[in-house]
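Welcome! Here are some short exercises to help you find your way around a structure that may be new to you. Try each task before you read the solution.

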Amino acid sequence: MKRIHEAALDTLEEIGLANAPPSGVEAMTAAGARQDADGRLRFSRALVEDILAKAARSITLYGRDPKFDLHLEENCVHYGTAGAAVHVVDPFTKEYRDPSTSDLYDAARLVQNLDNIHFFQRPMVCRDIDDNLELDLNTIYACVAGTKKHIGTSFSHPDNVDPATKMIHMLAGGESEWRARPFISNTNCFVVPPMKFAEESCLVMERCIHAGMPVLLLSAGQAGATAPAPIATAIVQAVAECLAGVVYVNSVVEGHPAVFGTWPFVSDLRTGAMSGGSAEQALLTAGCAQMHRFYGLPGGAAGGMADSKLPDIQTGWEQGICNVMAGLAGLNMVYESVGMQASLLGFCFESLVLGDDIIGQALRCVRGIEVNEDTVSIETMRQVCLGGPGHYLGSDQTLSMMQTEYTYPVLGNRMSPKEWDEAQKPEILTETRVRVDRLLSEARIQVTDDMDRKIRSEFRIHF
């Protein structure tokens with residue numbers, strides 16, 4: 001970790017980043033960055049270390065209901081959605097179709113009722129809307145109407161931030177209420193790897209900062225394409241880019257809440273195609289989590305993306321391996337952890353609901369083994385083995401541990417073959433579709449009828 005840190009500092013000092021907008025250049029040079037004759041901004045070690053000392057730590061990403069607040073501290077791991085899938089997958093017909101705003105709303109409603117999914121960031125693009133402003137506004141409202149968990153969103157143009165802020169203030173009950181508990185964060189691809197600022201996204205970021213919105217600083221290079229092929233160097237580039245982002249944010253408003261979003265992806269070097277479900281992706285994500293902890297900064301990265309086109313056994317191993325590794329590495333925010341198929345091109349409702357079971361198992365691994373006086377006491381062993389029944393079934397200790405030491409899947413099938421046969425041999429995908437339909441039939445809109453009318457009178461809502 002120290003070696004990667006040193007390499008990232010060398011990268012910022014010697015290579016720097018190009019294409020910062022004039023407002024960003026002004027802010028960062030005022031903080032101590034240097035713009036050279038080639039137009040690139042370069043950052044001294046002293047500047048980076050000074051800014052790191054001022055950066056926000058142990059931040060909270062709020063839900064509209066406090067029980068969904070996310071505390072981004074050491075060893076606090078949260079799993080959620082994200083992505084920009086351009087298709088919705090039907091695993092029964094095996095067809096890929098365009099997502100609609102109603103699909104996004106339904107995905108949010110499902111997440112509201114899935115206990116192991118902690119936050120909701122748009123996992124698909126609403127392709128039924130052509131106007132970019134209406135797309136951004138409907139994305140926010142579909143998410144808010146569907147869930148009270150923390151929401152992540154992005155903006156297609158800087159000018160869209162102000163109208164969105166107007167909507168958000170209405171939903172929050174006023175600007176002061178919003179600034180006290182900002183329940184939406186801006187997912188911002190502020191860089192175009194390798195080592196260039198994304199000018200328009202940077203302007204979005206500046207407006208979001210001034211609007212009091214937390215920011216996810218997202219660097220999404222692809223190893224072997226827009227990031228170096230070695231896994232370690234891909235992490236170096238992502239860390240360098242995000243350190244530049246930390247300087248940028250704190251140059252605009254010191255201490256503004258920002259998530260260190262190193263999101264390097266993997267290429268299958270035989271074809272150049274993205275390989276989000278690979279072991280290399282799991283290593284990249286876990287390595288980035290270690291770097292977040294090295295800096296003591298709140299961090300997020302992508303995990304659980306499946307290359308498989310359907311929610312099948314391949315999806316299971318791809319989601320499971322990466323999500324467990326990310327969690328054990330202590331990643332605060334595991335984005336894209338459920339529902340994503342075809343290397344982020346497809347979103348699947350059944351995969352989302354099945355993923356809730358996978359994340360439940362991952363969270364149990366993250367919680368680890370509790371060792372204390374109760375859990376290592378041999379008194380129960382003594383009672384069972386010395387004149388007792390010779391087994392632990394029905395013992396007070398076993399009964400007391402059922403709900404604390406063990407987790408139970410909702411859809412995972414643990415029947416014996418005989419029980420399975422007697423139950424008419426249920427198949428997990430069919431049972432998942434039943435649960436999806438039931439959850440959607442029971443889900444309620446998460447804004448009041450009065451607020452819904454106000455929003456629809458002010459903005460053109462497409463669902």
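**Exercise 1.** Is S58 buried, partly exposed or exposed? Then look at its backbone and place it in the chain.

Solution. Keep in mind throughout that this is a predicted model. Step one: the relative accessible area of S58 is 47%. Step two: the partly exposed class lies between 20% and 50%, so S58 is partly exposed. Step three: the phi angle of S58 is positive, about 50°, although S58 is not a glycine. Step four: S58 belongs to the loop between helix 3 (45-54) and strand 3 (59-61).

**Exercise 2.** Work through L344 in the same manner: where does L344 lie, and is L344 buried or exposed?

Solution. Begin with the place: L344 sits in the loop between strand 18 and strand 19 (346-347). Next comes the backbone, where L344 has a positive phi of about 80° without being a glycine. Finally, the relative accessibility of L344 is 13%. Buried means under 20%, so L344 counts as buried.

**Exercise 3.** In which order do the strands of the open sheet with 4 strands stand, and why does one side of strand 7 and of strand 18 lack a neighbour?

Solution. First, read off the order, which is 7-6-19-18, with mixed pairing. Now go to the ends of that order: strand 7 (95-97) and strand 18 (340-341) are at the edges, and each has a single partner strand, so one side of each has no neighbour in the sheet. Then zoom in on one pair. Strand 6 (residues 87-90) and strand 7 run antiparallel and are joined by 3 bridges. Within this pair, D90 stands opposite E95 in strand 7.

**Exercise 4.** How do strand 8 and strand 9 pair, and which residues cover the two sides of strand 9?

Solution. Strand 8 (residues 119-121) pairs with strand 9 in the parallel sense, over 3 bridges. To locate the pairing, find F119, which stands opposite H150 in strand 9. For the faces, recall that side chains in a regular strand alternate between the two faces of the sheet. In strand 9 (residues 150-153), H150 and G152 are on one side, I151 and T153 are on the other, and all are buried. Both faces of strand 9 are therefore covered.

**Exercise 5.** At what angle do the axes of helix 1 and helix 10 cross, and which residues meet there?

Solution. The axes of helix 1 (residues 2-14) and helix 10 (residues 279-295) come within 10 Å and cross at roughly 80°. Angles of 65 to 115 degrees count as roughly perpendicular, so that is the relation between helix 1 and helix 10. At the contact, K2, I4 and H5 of helix 1 meet M291, F294 and Y295 of helix 10. These residues divide into 4 nonpolar, 1 polar and 1 charged.

**Exercise 6.** How many disulfides are there? Check C202 and C365 as examples.

Solution. A disulfide needs two cysteine sulfur atoms within 2.5 Å, and the count comes to 0. For C202, the nearest cysteine sulfur is that of C189, 11 Å away. C202 is buried, at 0% relative accessibility. For C365, the closest cysteine sulfur is in C322, 14 Å away and too far for a bond. C365 is partly exposed, at 39% relative accessibility.

**Exercise 7.** Where is P194, and what is notable about its backbone?

Solution. P194 lies in the loop between strand 10 (184-188) and helix 8 (199-210). The peptide bond from P193 to P194 is cis, with omega near 5°.

Conventions: Residues numbered from 1 in each chain as written. Predicted model: local features only at pLDDT ≥ 70, side-chain atom pairs only at ≥ 80, totals over all residues. Heavy atoms only, no water. Pairing = 2+ DSSP bridges. Axes fitted to C-alpha atoms, helices over the stretch in contact; angles between N-to-C directions. Parallel < 35°, antiparallel > 145°, perpendicular 65-115°, else oblique. Contact = heavy atoms within 4.5 Å. Nonpolar A, V, L, I, M, F, W, Y, C, P; charged D, E, K, R; others polar. Buried < 20%, exposed > 50% of the residue type's maximum accessible area, 1.4 Å probe, protein only.
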